Amino acid sequence: VSNRAQGEFTPEDEALLVQLATIASLGLLHIAQRAEAQRHADELSAIFAAMGDAVIVVGADGAFVQTNPAVEALFGVDLTHRERHDFARRLALRRPEGTPLTDEDLPSSRVLRGESMSSERIAFTTMSGQDRIATVSAQPLQLAGAPIGGVLIWHDVTEREELLQRLSQEQTRLQAIIENAPLGIVVADDAACVSLANPAYEALWRHPTADAADAPPTVCYPDGRPWPEADRPLSRCALRGETCRAVEMLLRWPDGAERQLLVDSAPIRDAGGRLTGGVAAFQDISERKRAEAALGRYAHEQAALYAVSSATATWTDPDRLLNVVLDVVLPLMNADAGWVLLPGETPDAAPSIAASRGLPAAFLAANATAPVEGCPACTMIFQGGRAEPVPHYVANCTRFSRALLAESALHSHIVIPLCTGGRTLGVL
């Protein structure tokens, strides 16, 4: 602002005004840039302070020139402007297995040598006496190719390490339980491939006789039919997420040896509910099945004895008595047919069938005229001998024609003498 009239400004005055305007513009630009830089610096400071990991800036002389609040929260002491070796001694920096870190191995020493670190585990003790573990990452800072310090980032993994340790302990205990469990335990992946099997499971798949040939068994249904692998309990739980309870299974070896199993299986799912496999437990119930069969047989035998005793006490007709004997004996023997042979009136006479079950009429009719020579049953009657109750195959019979035997559909029979007072009365 001037009191000079128009036209009174000299060129020198105008040049001075231009210079003043330029200086003022540069000043305003400098002020604006400085404010912008300060704003960025404040933002970086806020980010630095808000970081959850402990961040330490190391100067070229090894001193900690700047730290964020997480450092004091982690170590229990403000480390700003502290000497790094003092920091290492006060916090007992060491490797996770307990070996103290040497001065050369300190993260600050390594970063000053231009080395980088990535998530290396270091243990330490806080000022309050708590033992902790952190993963340390470090990056050197350089200016014109020369190191001027570095940045250290400490990430506290104590809780994770404790969880991993507990998980490892649980896995060890679980492994010990599985390895020593009396039940056969097997784990399969989501393709139903076995990933873990304990010794008891492997023993179930070995032949019951120690010196038998090492041939794998066939997995069967309880009735002896082969069991497709896709329909077995382990496959059903691993592939389809089904749960199977108390399913009976039969293992049968090529030589006829068998083992009966009871199987329980369940699917394995991850935290999200996704099917990841299955687990099955196998119990050998062969002895139990044999005991049940023996008890059942004993019950049938007692019922048979009672029925025969009652018939003997009630009836005097031999034919009715013999029919009762057949009715109770055939189920015990799991037989399809049976008959009682009594001697003829003379030694040369053919034996007669006094009672029968399941025999065709042609067989009954042919018995009266068929020769007795070579027949073990008839020979036993006439000679009063005894024989072990072992199967005699009908195909070897000398009494009846091949056509008659084929029509009867009989395969084999067991000969049991009916004796009293040392004398053979007949043959069952």
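Leaving aside its neighbours within four places in sequence, which residues is serine 408 in contact with? Let me answer that first. They are Pro360 and Phe363. Keep in mind that this is a predicted model.

Let's stay with serine 408. This residue sits in helix 12, which covers residues 402–408. Is serine 408 buried or exposed? It counts as buried, because its relative accessibility is 8%. Its side chain also has a polar partner. A polar atom of that side chain lies 2.7 Å from the backbone oxygen of leucine 405.

Now go back to the start of the chain. Helix 1 runs over residues 11–50, and leucine 17 lies in it. Leucine 17 counts as partly exposed, because its relative accessibility is 48%. Leucine 17 also belongs to a group. Together with Phe9, Leu16 and Leu20, it forms a nonpolar patch on the surface. The accessible area of the four together is about 370 Å². One general point helps here. An α-helix has 3.6 residues a turn, so residues three or four places apart point the same way.

Next, the strands. Take strand 3, residues 117–125, and strand 4, residues 131–143. How do they run, and how many bridges join them? They run antiparallel, and 7 bridges join them. One pair to look at is alanine 123 with its bridge partner in strand 4, isoleucine 133. The two strands make a hairpin, with 5 residues between them. In the turn you will find glycine 129, with a positive phi of about 90°.

Strand 4 has another partner. That is strand 5, residues 146–156. This pairing is antiparallel too, over 10 bridges. Leucine 143 stands opposite alanine 146 of strand 5. Here the hairpin has 2 residues between the strands. Alanine 144 takes a positive phi in this hairpin, near 55°.

On to charges. How many salt bridges does a search of the whole structure find? It finds 19. I will pick out a few.

Start with arginine 110 and glutamate 120. Their closest N and O atoms are 2.9 Å apart. The pair links distant parts of the chain, with arginine 110 in helix 4, residues 107–112, and glutamate 120 in strand 3. They are 10 residues apart. Arginine 110 counts as buried, because its relative accessibility is 16%. Glutamate 120, at 29%, counts as partly exposed.

Then there is arginine 113 with glutamate 115. Their side chains meet in a salt bridge of 3.1 Å, N to O. Arginine 113 is partly exposed, with a relative accessible area of 47%. Glutamate 115 is partly exposed as well, at 29% relative accessibility. Put these residues together, and you have a network of salt bridges linking Arg110, Arg113, Glu115 and Glu120.

One more salt bridge, from elsewhere in the chain. Lysine 289 pairs with glutamate 248, and the closest N and O atoms are 2.9 Å apart. Why does this pair tie together parts that are 41 residues apart in sequence? Because lysine 289 lies in helix 8, residues 286–314, while glutamate 248 lies in strand 9. Glutamate 248 is partly exposed, with a relative accessible area of 28%.

Strand 9 comes up again at helix 7, residues 233–240. Which residues of helix 7 are buried? They are Pro233, Leu234, Ser235, Cys237 and Ala238. What covers them includes strand 9 (244–252), strand 6 (184–189) and strand 7 (194–197). Strand 10 (258–269) and strand 11 (275–284) are also among the cover. After helix 7 comes glycine 241, with a positive phi near 75°.

Two alanines deserve a look for their backbone. Alanine 192 is not a glycine, yet its phi is positive, about 65°. Look for it in the loop between strand 6 and strand 7. Alanine 192 counts as buried, because its relative accessibility is 14%. The other is alanine 246, in strand 9. Its phi is positive too, about 50°, although it is not a glycine.

Last stop: helix 9, residues 318–333, which holds leucine 321. At 23% relative accessibility, leucine 321 counts as partly exposed. How far apart are leucine 321 and alanine 355 in space, C-alpha to C-alpha? The distance is 9.2 Å, with their positions 34 residues apart in sequence numbering.

Conventions:
Residues numbered from 1 in each chain as written. Predicted model: local features only at pLDDT ≥ 70, side-chain atom pairs only at ≥ 80, totals over all residues. Heavy atoms only, no water. Patch = residues over 30% accessible without salt bridge, like charges linked within 9 Å, V, L, I, M, F, W, Y side chains within 5 Å. Areas by Shrake-Rupley, 256 points an atom, 1.4 Å probe, with all protein chains shown as cover. Helix = DSSP H or I, 4+ residues; strand = E, 2+ residues; numbered from the N terminus. Buried < 20%, exposed > 50% of the residue type's maximum accessible area, 1.4 Å probe, protein only. Contact = heavy atoms within 4.5 Å. Polar contact = N/O pair within 3.5 Å; in protein donor to acceptor, adjacent residues only side chain to side chain. Pairing = 2+ DSSP bridges.
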